[in-house]
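Please look over the sequence and the model shown here before reading on. The report is written for a reader who is new to describing folds and wants to follow one piece of the structure at a time.

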Amino acid sequence: MKAKIVTLPGDGISPEIVAEAVKVMNRVAEIYGHTFDYEEALIGGVAIDETGNPLPDETVEKCLTSDGVLLGAVGHPKFDNDPRAKVRPEQGLLGLRKAMGVFANLRPVKLYPQLLFASTIKPEVIEKVDLLFVRELTGGIYFGEHGRKMVDGPDGQPVEAAYDTMFYSKPEIERVVRVAFELARKRRKKVTSVEKANVLESSRLWRETALEVAEEYPDVEFDAMFVDIAAMRLVRYPEVFDVIVTGNMCGDILTDEASMIAGSMGMLPSGAIGATRPGLFEPIHGSAPKYTGMNVVNPLATILSAAMLLRYSLDLDAEADAIEAAVQKVLEDGFRTRDIMEEGLAQVGTREMGDLVAERIA
Ligand code: IPM
Ligand code: MN
C-alpha cells in the first residue's frame, strides 16, 4: 500500500522520538512492501517560533489530507512562565484535535511482564492489568468557555478571577461512549464510565447518556463510577477494569496515573480517532524539554503509537502486531531506556532503542 503520513516533530524531545518511530515504520514498509511517504509539519512551540501560530493553516491542511498523523509532543517552559501569554503550544494540539474531529482518544494500558518490577506499584496488584481508556478529546472543560474577570473580593474591593466551563452535549457523549462499547465487544466486554455525577451537572448528563447507550449493548457489562473512586481503584484493583470511558480532563489525569501501572509514561501510546479518517497518534507523555538532545528518553510510547496508526488509520493489523511483538522482544532481550532501567540489564539510548526495535520487525 501507498500511504501519506504526516509527522509533527513538535517540541523538546519530540523530534527525537518521532525519528525513532519513523525508523521502525520504514522497516515495516521495507519488509511488508509498502510505501510510506512522510510529510513534516509544524505544531506547538516550534510553530510559534517560526510563524507566530501554534497551528499554522498549512499544518491543518496537510493533516486533513493525509492517511494518518504521528505527533511527538508539544510544550516548552518558556511559554509557561507567562501565564497570560496569548499564544501557547498546547493550543496547537487542542486546535488540531478539534480540526481533525478526533473525539475518541484510545489509551491502552498494557503491562509488559518484563516491566512488572519497573512499576512503583506492587507486582501482585498490577500483574493482570489490561485496560483501555477512551478519553473524550474534543470537548469538555478543555474546550468550554473560559476567561478572566474582576469580582468583588472579601473586603468589597475588586479582585481578579478566572473561570473554565465544563460543557458536554448529549451527542458528544453518545458518540464517545459508543466507541467504548464497540471496543469492549472485542475485549473482555466491560465498560466503566467515569465522571463526577454526584456534583457536576455535565456529569449527570454524561451518566444518563452512558446508561442509555449501555442498553443498546446488553452483551457488555456496564458500570458508572465517580472519578475519585476510580482514581483509587486504579492503583488498588486495576485488574477489574476493561474499557474506561471518561471526559477530557478526567481522562488526561487518570491516564498519567495509569501509566505508572505500565512502569513509565514512556510506555503509553495513544490514538485519537473520529467518525472519519485520518487519526492522530501520539504518546501520552509530554515534551520533557530538560532531556532535549540527550538521547536518553524512551521512544517506545511513540513507536507503539505508530503501531496504532498502522492499525487504526491504515488497517494494517499484521504490521501493527509486528511492531508490538518487536517491542516485546526488545524488552525480553533485556534492553531498557533509563526510565525503565533495572539492575543487571542493558541501558540504551533513544536511537539505540529505535534500532533494536527496527531490527526485530519480522
Ligand atoms: C495529553 C497532554 C495534552 C492534553 C496537553 C499537552 C495539551 O497532556 O495529551 O495528555 O492535555 O491533552
Ligand atoms: Mn496529559
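The text that follows goes from the sheet to the core, and then to two single residues.

**The sheet**

In this predicted model, ten strands form an open sheet with mixed pairing, and their order is S2-S1-S3-S12-S11-S4-S5-S10-S8-S9. At its edges are strand S2 (35–40) and strand S9 (221–226), each of which pairs on one side only. Three of the strand pairs are set out in the table.

| Strand pair | Sense | Bridges |
|---|---|---|
| S1 (residues 2–8) and S2 | parallel | six bridges |
| S4 and S5 | antiparallel | seven bridges |
| S5 and S10 (residues 243–246) | parallel | four bridges |

Single bridge partners can be picked out within these pairs: Val6 is matched with Glu39 in S2, Arg107 has Phe133 as its partner in S5, and Leu132 is matched with Val243 in S10. Strand S5 (residues 130–136) is mostly covered, since six of its seven residues are buried.

Helices also pack on the sheet. Helix H3 (residues 57–64) touches S1, S2 and strand S3 (68–71), and its direction makes about 150 degrees with that of S1. Helix H11 (residues 300–312) touches S1, S2, S3, strand S4 (104–110), strand S11 (271–273) and strand S12 (280–281), and its direction makes about 170 degrees with that of S3.

**The core**

Which residues touch the most other members of the largest nonpolar core? In this core of 86 residues, they are Phe36, Val109, Val134, Val177 and Leu310. The core lies between domain 1 (1–105 + 267–362) and domain 2 (120–261), because both domains give residues to it. A second, separate core has 17 residues, including Val6, Ala41, Cys63 and Leu280.

Leu310 shows what the surroundings of one such core residue look like: when its neighbours within four places in sequence are left aside, Leu310 is in contact with Met25, Val28, Phe36, Asp315, Leu316, Glu319, Ala320 and Ile323. Phe36, one of these contacts, is itself among the residues that touch the most other members of the largest core.

**Two buried residues**

Ala21 has its place in helix H1 (residues 14–32). Is Ala21 buried or exposed? Ala21 counts as buried because its relative accessibility is 0%, and the cut-off for this term is under 20%. Apart from neighbours within four places in sequence, Ala21 is in contact with Leu70, Thr302, Ile303 and Ala306.

Asn105 lies in strand S4 and is likewise buried, with a relative accessible area of 0%. Although 84 residues separate Ala21 and Asn105 along the chain, the distance between their C-alpha atoms is 19 Å.

The side chain of Asn105 takes part in polar contacts, one of 2.7 Å with the side chain of Arg107 and one of 3.2 Å with the side chain of Ser270. Not counting residues up to four places away in sequence, Asn105 touches Phe133, Val134, Arg135, Leu137, Ser270, Gly271 and Ala272. Among these, Val134 belongs to the largest nonpolar core, and Phe133 is the bridge partner of Arg107. Ser270 appears both as a residue that Asn105 touches and as a partner in the polar contact of 3.2 Å.

Technical notes. Residues are numbered from 1 along each chain as its sequence is written. Chains are lettered from A and ligands numbered from 1 in the order in which they are written. This is a predicted model: local features need pLDDT of at least 70, side-chain atom pairs count only at pLDDT 80 or more; totals for chains, interfaces and linings use all residues. Side-chain values use heavy atoms; hydrogens and water are left out. A nonpolar core is a set of buried Ala, Val, Leu, Ile, Met, Phe, Trp, Tyr and Cys residues joined through side-chain atoms within 4.5 Å. Buried means under 20% relative accessible area, exposed over 50%, partly exposed in between (1.4 Å probe, protein chains only). Domain bounds come from an automatic or database domain assignment. Contact means heavy atoms within 4.5 Å. Helices (H or I, at least four residues) and strands (E, at least two) are DSSP runs, numbered from the N terminus. Two strands pair if DSSP finds at least two bridges between them. Axes are lines fitted to C-alpha atoms, for helices over the stretch in contact, and angles run from 0 to 180 degrees between N-to-C directions. A polar contact is a pair of N or O atoms within 3.5 Å; within protein, one must be able to donate a hydrogen and the other to accept it, and residues adjacent in sequence count only if both atoms are side-chain atoms.
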